Amino acid sequence: LMVSLLEFSNLSEQIIELETSMKAQGPREMSRIRQGILALLFVIVVVGFVLALVMVRFFTSEILQRLSKITTNARRLATGAALLPVDLRHDEIAMLDQGIHEANNVLAEARRRELSVLDNATEVICSLDARLKFVAVNTASLSHWSYDADELLGMSLLTLLPQQSVEAVRLAFQRISEGSNQGSGERSKEGELESEVKTKDGSLRICRWSISWSEPEQRYSCVVHDVTELRA
């Protein structure tokens, strides 16, 4: 940009010199000088136009890249993934990116507190996908079922059930996800069931499941009450 401005300055000086010399020249020389001036003006216009295009493209490209980064961070915020580095500049785009990072920090703290509450709960709290596989479970599973939480992830609930109750439990979960229960004029996505669960040491525990189905997440959220002693 500085080089182009210097070139414009030199061209302007040349035009002034030519105009000054025109007064001392004859008609033929004046015509030649006019043609030179027109050529110089044409070069100035063309170079200025090209320079303007380059500057517009440069600034537009930079803005689009920064906006693309904000879009990526917004998607990562929604999924809980790590964000791209924060933009430390002081314009409006940077402020928007910094706002996303601040929101991410607030959500991370909220998730940490939520996990702390779940892990300290005395009852098993878990999430199952549409195929009844564990996608999340708290640490209470160890004391109730002798399974560590990490052991259950990816395991099907049906493998923890006595064979004779597998189909009944599967159908009960399916009815809840389909909203078979009626409530308040709308199809309810919640329900309860009772079943035995085989623990890791081979014993059976009687459990009452409080279940809710999330259509957007395609997941069952469950709170499992151990009622073995109550039944006894």
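Let's start with Asp91. Is this residue buried, partly exposed or exposed? Asp91 counts as partly exposed, because its relative accessibility is 25%. Keep in mind that this is a predicted model.

Now look at the partner. The side chain of Asp91 meets the side chain of Arg66 in a salt bridge, at 2.7 Å from N to O. Where do the two residues sit? Asp91 is in the loop between H2 and helix H3, which covers 92-119. Arg66 is in helix H2. The two are 25 residues apart, and the pair links distant parts of the chain.

Arg66 has a relative accessibility of 10%, so Arg66 counts as buried. The cut-off for buried is under 20%. So this bridge has a buried end, Arg66, and a partly exposed end, Asp91.

Next, Arg89. Which residue does Arg89 pair with in a salt bridge? The partner is Asp87, and the closest N and O atoms are 3.2 Å apart. Arg89 is partly exposed, because its relative accessible area is 39%. Asp87 has a relative accessible area of 7%, so Asp87 is buried.

On to another pair. Glu151 and Lys200 meet through their side chains in a salt bridge, 2.6 Å from N to O. Glu151 lies in helix H5, residues 149-152. Lys200 lies in the loop between strand E5 (190-198) and strand E6 (204-214). The two residues are 49 apart in sequence, so their bridge ties together separate parts. Glu151 is at 35% relative accessibility, so Glu151 counts as partly exposed. Lys200 is partly exposed too, because its relative accessible area is 47%.

Back to the earlier residues. Arg66, Asp87, Arg89 and Asp91 are joined into one network by salt bridges that share partners. How many salt bridges does the structure hold? The count is 11.

Last topic: the surface. Which residues make a nonpolar patch there? Ile63, Leu64 and Leu67 do, and the patch is about 260 Å². Take Leu64. Leu64 is found in helix H2, residues 27-79. Helix H2 also holds Arg66. Why does Leu64 count as exposed? Because its relative accessibility is 53%, and exposed means over 50%.

To recap. Asp91 and Arg66 link distant parts of the chain. Both belong to the network with Asp87 and Arg89. Glu151 and Lys200 form a salt bridge. And Ile63, Leu64 and Leu67 make the nonpolar surface patch.

Terms used. Residues are numbered from 1 along each chain as its sequence is written. This is a predicted model: local features need pLDDT of at least 70, side-chain atom pairs count only at pLDDT 80 or more; totals for chains, interfaces and linings use all residues. Side-chain values use heavy atoms; hydrogens and water are left out. Patches are made of residues with over 30% relative accessible area and no salt bridge: like charges are joined within 9 Å, nonpolar side chains (Val, Leu, Ile, Met, Phe, Trp, Tyr) within 5 Å. Accessible areas come from the Shrake-Rupley method with a 1.4 Å probe; for residues, only the protein chains shown count as cover. A salt bridge is a side-chain nitrogen of Lys or Arg within 4 Å of a carboxyl oxygen of Asp or Glu. Helices (H or I, at least four residues) and strands (E, at least two) are DSSP runs, numbered from the N terminus. Buried means under 20% relative accessible area, exposed over 50%, partly exposed in between (1.4 Å probe, protein chains only).
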